[in-house]
Amino acid sequence: MFAWSGDKANKGKDFLAVIDADPSSPSYGRLVTTLATDQTSVRIHHTEYLMPASGMLFANDHDAGRTFIFDVRDPLHPAVATSFTDMSGYMHPHSYLRLPNGHVLATFQHSHDSMNPETLGRHGGLVEIDDTGKVIRSASSADPAFPDALLTPYSLIVLPELDRVVSTNSAMDSEDVFRGLTYQVWRLSDLKLLQTMFFDPGENHYGAISPEEPRLGPDGAIYVQTLACGIERITGVDRDQPKSQLVYSFPSADCGVPTIIGHYLLEGVFYLHTVIVLDIANGAKPVEVSRVKLDDNYFPHWTGWDAKTNRVVVTPGRVGDPRLYLLKFDPFTGAIAVDEAFHDADGKPGFNFIDRDWPHGWKGSGQPHGVVFSR
């Protein structure tokens, strides 16, 4: 698997760590190699969520505003194919989803025409990009009907069979974190913005704050995790009046990148130091079926699924222990547990990023974020 990482102290370079994730391998859990970039770490952030068929993997240092395209077709010898920053008047790309044609559709949080000297931009856009880093087309998230709304695209889901894209609007800067409250529906074929809609605030009035990651559920609905630890369920995106409902709230705050496997939704709950599994077979009434607590100094953020091995990868937020864990997950029962067999030389479960001598010639503590399993 490929763990996109940076220097926790923001002095070294961003790098890609290749780790053996094959349970049948004698080197399971061990570091295979690393590939350093020329980018000094600012805020290591998202990769794609799944390994693309092309083997050309997008990953960004968000606050640096820079995206790398890695050639990982030979997993043991990854290479930087190219990199890019601003595109078509948009800046700070956040998330990447593949289209049926193999191109990436990326969310860019800000646009040049919405910037001013005091604040970050209040709208951004979507940009379609090929594997060489070439812009194919783009569209703005600005909506005249929502002149005061924060319309900074965070992540998205592509629905080719409905000719739709759904994106969320959420802030990466703490100044605007409470202003992210909307989602947008686009027509995929021409990237026309069709609607901007508010999420359901729910009875607690905070569950919709800072909507982040949309995922397609088994019932065809879209499930969106919020930073406020709500789960919003969107239906009817192919109709005139899509609807969002807050269907679940985790008993904490700061929830990160979720994963849906069958009729289960897995969520890392930051301040509980825990990954929780919900059964969403009845999407309007999710039910917790299992959970696993990690270390008290571990704050889970990113999750990703490997169907080959029934393993879930977990990486932390920017505080606490920068360890990477693999969890064993039963897609039939929803049971989840730490994979004790996955460990490196220190013998403890997980992969240790603290104070290592890395193959690319750097010594220090890494900070992993996005992780993708090879094909």
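Start by selecting strands β16 to β19 (strands are DSSP E runs of at least two residues, numbered from the N terminus): these four form an open antiparallel sheet in the order β16-β17-β18-β19, where two strands pair if DSSP finds at least two bridges between them. Keep in mind that this is a predicted model, where local features need pLDDT of at least 70, side-chain atom pairs count only at pLDDT 80 or more, and totals for chains, interfaces and linings use all residues. Residues are numbered from 1 along each chain as its sequence is written, and side-chain values use heavy atoms, with hydrogens and water left out.

Now colour β16 (211–216) and β19 (243–249): both are edge strands with a single partner strand each, so one side of each has no neighbour in the sheet.

Next, zoom in on β18 (residues 230–235), which runs antiparallel to β19 and is joined to it by six bridges. Show Ile 231 and you'll find Tyr 248 of β19 opposite.

Then move to the largest nonpolar core, which has 32 residues. Such a core is a set of buried Ala, Val, Leu, Ile, Met, Phe, Trp, Tyr and Cys residues joined through side-chain atoms within 4.5 Å; buried means under 20% relative accessible area (1.4 Å probe, protein chains only). Among the members touching the most others are Met 1, Ile 19 and Phe 342. β2 (13–19), β12 (153–159) and β26 (323–329) each give two or more residues to this core, and β2 gives the most, with three.

Last stop: Leu 324. Beyond four places in sequence, its contacts (heavy atoms within 4.5 Å) include Met 1, Ile 19, Val 313 and Phe 342.

Methods:
Buried < 20%, exposed > 50% of the residue type's maximum accessible area, 1.4 Å probe, protein only.
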